[in-house]
Every structure is written in structure tokens, then in C-alpha cells.
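Let's take a walk through a protein together, starting from one residue and working outward. Have the 3D view ready so you can follow along.

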Amino acid sequence: MTTDISIQLHGVSKQFDEKVVLNGITLAVPKAQIFGLLGPSGSGKTTLVRMIAGIDVPTSGTVHVLGQQMPQLAMLSKIGYMAQSDALYAELTAQENLEFFASLYGLTGTKRKQRIHDVMELVDLGSHLKKQISNYSGGMKRRLSLAISLLHEPGILILDEPTVGIDPVLRKSIWQELTNLSQQGTTILVTTHVMDEADKCHQLGMIRDGILTAVGTPDELKQATSSATIEEAFLYYGGVKQ
């Protein structure tokens, strides 16, 4: 795998009993790009990102991240992963959750304190640091999950529908930060249903019924389908011809 490719999948399939969830996915994500996975619910997006994060294993095919075949325990410190469902300890405060995950990532002392402050400010939760998670709204939990994924400044950031339930103003600032991170060298893989977010990605992969139907920049996909918008291109690749 060349050094300018952060994520490489070759012939990746996933099957649960008789059900084929992913079928022969081959994909290369360049370093420092924001790569968006766009597809309807049940298309296989979450299964795919779980394999890239090393949480699940393919039935066949290979997944490499930063040149290392996944899953691999040593890679956890280099990957930030935000799942679709929030993995938080409801009986703890936000600070206690952050301290726990910071310790897993080996952050200590002044560095730990600074990173907790920085990520909480980014997601606009600085004033809620001492609040117990059971008192957080759904949107606040999503924002805290994003903060946790950013804590250790990972080289690879994997975000599964990160802005669900987040208001448009904060969503805009989060995407600005994602753009900043990619400019600093972070590779970001994001799944989304939101079309204006898809337009902000460097490249998109259209996925449907476990098959990668198209890959390209938003402009390339629009041109290839004679579409004015990403939504029209998405519908085209989903079998809804205009």
C-alpha cells in the first residue's frame, strides 16, 4: 500500500448467516481527504466503517489502515471512531467520561486537561462538563461522542452519521473543524444522509445493497449522471432515473 493511501479495502465482503451485507468492496481513501459514504439505511455503511475501525472482521477480503491489516489492537490509538449509537457511561459526568477515554488513549497531565477543554469547546459543551450524562439531551450526547473521538488527535477519524440531532449552526462549525483537520493531515471517513454534508467531502462513495456503485468527487458524480445536485446523483445511483 502506498504511503499516500490511508485506507485500503480489497474485495471486502461481509455475510451474516445467509444475508450478504457487503459484496466485494474495493476502495482506496487518500491521506488527508474527507471521504463520504452515502447510502440509504441498511445499505451496509455502518458494517463497512466498523470493519475499517477494526471492530468487525470481513468474511472475505482485506482491510488495511495506514498500511496495517485490520483488525489490530495497536492501531486503536491512531483511530478516532464515533459510532452511530453513543457509547457513553450515563451514570458519569461528561468530564468523567472524557477522563476515562483519555486514560485509554494514554493522555496524561496538562496535555489531557488541555485536550478535554479543547474538544468540549469545539462541540459547544464547555459549560456542561460537570453534568451527568443521564441529564444530556440526545444531541448533546452526539456532540460528546464526537469530542471523545477527537481527544487523542488521531490520524484517522471514522464518523458514523456524526451530526444527527445537531442544530444547523453547530453542524456548520463541526464541518469547518473537520475541514481544518483534513488540511492538517487527518484522514476522515464519514457516513451521512445529509446532502449538503456530502457536497463538503473531497470524494464520495455511493453504496447500495452492500455494493459500492460509484466513487468520485461530488462534481464528478454530478457530471457522470447529468445531475444538478448530489441528491439527484444519489437518486440516479439508487436506481431512480431522472
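**Starting from one leucine**

Leu48 has a relative accessibility of 0%, so it counts as buried (buried means under 20% relative accessible area, exposed over 50%, and partly exposed in between, using a 1.4 Å probe and protein chains only). Before going on, a word on where this comes from: this is a predicted model, where local features need pLDDT of at least 70, side-chain atom pairs count only at pLDDT 80 or more, and totals for chains, interfaces and linings use all residues. Residues are numbered from 1 along each chain as its sequence is written, and side-chain values use heavy atoms, with hydrogens and water left out.

You'll find Leu48 in helix α1, residues 45–52. (Helices are DSSP runs of H or I with at least four residues, strands are runs of E with at least two, and both are numbered from the N terminus.) So who keeps Leu48 company? Setting aside neighbours within four places in sequence, Leu48 is in contact with Leu9, Leu22, Ile25, Leu37 and Ile207, where contact means heavy atoms within 4.5 Å.

Follow Leu37 next, because it leads into a sheet: its bridge partner in β9 is Gly205. Strand β3 (residues 34–38) and strand β9 (residues 203–208) run parallel and are joined by four bridges; two strands pair if DSSP finds at least two bridges between them.Now zoom out to the sheet itself. Six strands make up this open sheet, in the order β6-β7-β8-β3-β9-β10, with mixed pairing. At the edges stand β6 (79–82) and β10 (211–216), each with a single partner strand, so one side of each has no neighbour in the sheet. On average, neighbouring strands here are turned by 15° against each other, direction ignored. (Axes are lines fitted to C-alpha atoms, for helices over the stretch in contact, and angles run from 0 to 180 degrees between N-to-C directions.)

Helices pack on this sheet too. Helix α4 (residues 138–150) touches β6 and β7 (156–160), and its direction makes about 170° with that of β6. Helix α8 (residues 230–237) lies across β3, β9 and β10, running at about 35° to β9.

Finally, step back to the whole chain. Its secondary structure comes to eight helices and 10 strands, and 47% of its 242 residues count as buried. Among contacts with a separation of 6 or more, 66% link residues 24 or more positions apart. The C-alpha atoms fill a box of roughly 50 × 35 × 35 Å along the principal axes.
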